[in-house]
Amino acid sequence: MNTEPPKHKMVHFPNMVNALPSGSGEFRRVLWTGLYSQVVLMTIPVGGDIGEEVHTVDQALTFTSGKAKATVGGEEKDVEAGDLVIVPAGTQHQFVNTGPTPLILYTIYSPAEHNPKTVHKTKEEGDELEDAGKDEAPEWSQKSKKENKDAGRV
């Protein structure tokens, strides 16, 4: 994975909704980081959770397998494979796996939330690295449209 701004070319993830690895053992893996967004694959073990949190970025989560209790801005809802949940920036949220199988989802952050090389095997590892400031989005992914245009990135 590259930590430089993305090239001007297509990035293709075939059959993303139907064919994600149901046995993925990694809690979090960044798949792609762009100038204004980031795609991250997450696997939440049975009985596990994402962790109650608030981001300074928007987040859209698409669930591809499993079941969960979503709590977003104080509202609770059961979610499952095929569902999409939007979490606006600044909104407290939590997702708890309530099913008998791993909860698998991909999430899009806008702008990026994590280092482009991020792979966290467990939630605990992710929390530790985030708390230590070792999982930060690249500076170039936090620039304005004008800054990116002036720098020749767009």
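Two strands count as paired if DSSP finds at least two bridges between them. Keep that in mind as you explore the close-ups below, which come from a predicted model.

**View 1. Strand 1 meets strand 9.**
Strand 1 (residues 28-33) and strand 9 run antiparallel and are joined by 2 bridges. They count as a pair because at least two bridges are needed. To find the spot, look for Arg28, which stands opposite His120 in strand 9. Both strands belong to an open sheet of 6 strands, in the order 6-3-8-2-1-9, with antiparallel pairing. Strand 6 (84-87) and strand 9 are the edge strands of this sheet, each pairing on one side only.

**View 2. Strand 6, at an edge of the open sheet.**
Here strand 6 is joined to strand 3 (residues 58-65) by 4 bridges, and the two run antiparallel. A good landmark is Gln59, whose bridge partner in strand 6 is Val87. Which side chains of strand 6 are buried? Val85 and Val87 are, and they point to one face, whereas Leu84 and Ile86 point to the other face and are not buried.

**View 3. Strand 4 and its two partners.**
Follow strand 4 (residues 67-72) and you will see its side chains alternate. Ala68, Ala70 and Val72 point to one face and are buried, but Lys67, Lys69 and Thr71 point to the other and are not. Strand 5 (residues 75-80) pairs with strand 4 in the antiparallel sense over 6 bridges, and Lys77 in strand 5 is the bridge partner of Ala70. These two strands form a hairpin with 2 residues between them. In the turn, Gly73 has a positive phi of about 60°. For comparison, most residues other than glycine have a negative phi. Strand 4 is also joined to strand 7 (residues 93-97), by 5 bridges, and this pair runs antiparallel too. There, Val72 has His93 as its bridge partner.

**View 4. Gln94 and its surroundings.**
Is Gln94, a residue of strand 7, buried or exposed? Its relative accessible area is 13%, so Gln94 is buried, the cut-off being under 20%. The side chain of Gln94 makes a polar contact with the side chain of Asp49, at 3.4 Å. Setting aside neighbours within four places in sequence, Gln94 is in contact with several residues, including Ile50, Gly51, Glu52 and Lys69.

**View 5. The second largest pocket.**
This pocket holds about 150 Å³ of space. It is lined by 14 residues, and the closest to its centre are Phe27, Thr43, Ile44, Pro45 and Lys121. Strand 2 (38-44) and helix 1 (123-131) each supply at least two residues of the lining. What kinds of residue make up the lining of the second largest pocket? They divide into 4 nonpolar, 5 polar and 5 charged.

**View 6. A cis peptide bond before Pro111.**
Look for Pro111 in the loop between strand 8 (103-110) and strand 9 (119-120). The peptide bond from Ser110 to Pro111 is cis, with omega near -5°. As background, most peptide bonds are trans.

**View 7. Gly133 in a loop.**
Gly133 sits in the loop between helix 1 and helix 2 (145-150). Gly133 counts as partly exposed because its relative accessibility is 41%, and that class runs from 20% to 50%. From C-alpha to C-alpha, Gly133 and Glu52 are 18 Å apart in space, while 81 residues separate them in sequence.

Terms used:
Residues are numbered from 1 along each chain as its sequence is written. This is a predicted model: local features need pLDDT of at least 70, side-chain atom pairs count only at pLDDT 80 or more; totals for chains, interfaces and linings use all residues. Side-chain values use heavy atoms; hydrogens and water are left out. Buried means under 20% relative accessible area, exposed over 50%, partly exposed in between (1.4 Å probe, protein chains only). A polar contact is a pair of N or O atoms within 3.5 Å; within protein, one must be able to donate a hydrogen and the other to accept it, and residues adjacent in sequence count only if both atoms are side-chain atoms. Contact means heavy atoms within 4.5 Å. On a 1 Å grid over the protein atoms alone, a cavity is a set of points where a 1.4 Å probe fits but cannot get out, and a pocket is an open set with protein on both sides within 12 Å along at least five of seven lines; lining residues have an atom within 4 Å of a point. Grid points are joined across faces, edges and corners, and a volume is the space filled by probe spheres set on the points. Ala, Val, Leu, Ile, Met, Phe, Trp, Tyr, Cys and Pro count as nonpolar, Asp, Glu, Lys and Arg as charged, and the others, Gly among them, as polar.
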